[in-house]
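Please find below some notes on the model, set out as numbered points. They go through the sheets, the contact between the chains and one loop residue.

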Amino acid sequence: MDVLYFAWVRERIGLPKEKVETDAATVSDLVAELSAREDRYAAAFADLSALRVALDQELSDFDAPLTGVREVAFFPPMTGG
Amino acid sequence: MRIVVQDAPFDLGAEANAFAATDDANGAIVTFTGVVRDLATGDLDIMEIEHYPGMTERALTNIAQEAMERWSLGDVLVIHRHGRLAPGDRIMMVATAAPHRKDAFEAAEYLMDYLKSRAPFWKKEITTSGAEWVAAKDADEDALTRW
């Protein structure tokens, strides 16, 4: 699946988008998998209360299943307007 | 209903005029414009606005559709810019047209409240002393509970 990062999450991880091969069942599982990879991921995902997640461009939550999901995006709370 | 996400500036007067000219049944037109505000310190150089192409248009469309369902509206316009903006630049506008002003005002406020916390935009302030992401305010999230 495609994993996208925005704002300071993108800066901390150091890339806007990557393809990830995963069997993670939920968003939390995917976060754990990514955090175990490298410090920069662990740093970005250290405080999940400071993050939001979208699945296929719809806001979701960290308990949500990843079945059939093609695009996961992680970002801080939005500041539009 | 029209949703526009662009990096180019928009002409507030032309947009408001075109929007107001649509339908005689709408006796009330409300427009709101957001402008890049210089910081209290007065040293803001650039406001950088990042967004999530695809999801942005989708989220704005959903918010506008929800407004059309909740209030008696003739039309809704949302324009939101991204990219590098300077103090005084117009970031975004919403406009609502309705037979009655209460619907037009309330729907415009609803659009603004939702757009602040539910549309995937992120602002970064670049000042003479560095760059910093704008943190979301609890008050903005709390504002959604009134709807």
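**Notes on the predicted model**

1. In strand β4 of chain B, B:Val78 is the bridge partner of B:Ile3. This is a predicted model, and local features are reported only where pLDDT is at least 70. The pair belongs to a parallel pairing of β1(B), residues 2-6, with β4(B), which extends over 5 bridges. Within β4(B), B:His80 is the residue that stands opposite B:Val5.

2. On its other pairing, β4(B) runs antiparallel to β6(B), residues 90-98, with 6 bridges between the two strands. B:His80 appears here again, standing opposite B:Met92 of β6(B). B:His80 can thus be followed in both directions: to B:Val5 and to B:Met92.

3. Is β4(B) enclosed or open to its surroundings? The strand covers residues 75-81, and 6 of its 7 residues are buried, so the rest of the structure largely encloses it. The cut-off behind this reasoning is that a residue counts as buried if 20 or more other C-beta atoms lie within 10 Å of its own.

4. These strands are part of an open sheet of 4 strands in chain B, ordered β1-β4-β6-β2, with mixed pairing. The edges are taken by β1 and β2 (28-35) of chain B; each has a single partner strand, so one side of each has no neighbour in the sheet. On average, neighbouring strands in this sheet are turned by 5° against each other, direction ignored. Helix α1(B), residues 12-20, packs on the sheet and touches β2, β4 and β6 of chain B. The direction of α1(B) makes about 15° with that of β6(B).

5. Chain B has another open sheet, made of 4 strands in the order β5-β3-β7-β8, and its pairing is antiparallel. Its edge strands are β5 (83-85) and β8 (130-133) of chain B, each of which pairs on one side only. The average turn between neighbouring strands of this sheet is 25°, again with direction ignored. Strand β3(B), residues 44-51, is joined to β5(B) by 3 bridges, the two running antiparallel. B:Gly83 in β5(B) is the residue that B:Ile49 stands opposite.

6. How many residues does each chain bring to the contact? Chain B contributes 21 residues and chain A contributes 13 residues. On the chain B side, the elements giving two or more residues are α2 (55-70), α3 (101-118) and β7 (121-127). Of the elements on that side, α3(B) gives the most, with 5 residues. By class, the chain B side comprises 12 nonpolar, 4 polar and 5 charged residues. A remark on reporting: the size of an interface is often given as the accessible area lost when the parts come together.

7. In chain A, A:Arg70 lies in the loop between β4 (58-60) and β5 (71-75) of that chain. Is A:Arg70 buried or exposed? A:Arg70 has 10 other C-beta atoms within 10 Å, so it is exposed, the limit for that class being 12 or fewer. Leaving out residues up to four places away in sequence, A:Arg70 touches A:Met1, A:Asp2 and A:Asp56. A:Asp47 is 23 residues from A:Arg70 along the chain, and their C-alpha atoms are separated by 24 Å.

Note on methods:
Residues are numbered from 1 along each chain as its sequence is written. Chains are lettered from A and ligands numbered from 1 in the order in which they are written. This is a predicted model: local features need pLDDT of at least 70, side-chain atom pairs count only at pLDDT 80 or more; totals for chains, interfaces and linings use all residues. Two strands pair if DSSP finds at least two bridges between them. Axes are lines fitted to C-alpha atoms, for helices over the stretch in contact, and angles run from 0 to 180 degrees between N-to-C directions. Two residues are in contact if their C-beta atoms, placed from the backbone, lie within 7 Å. Ala, Val, Leu, Ile, Met, Phe, Trp, Tyr, Cys and Pro count as nonpolar, Asp, Glu, Lys and Arg as charged, and the others, Gly among them, as polar.
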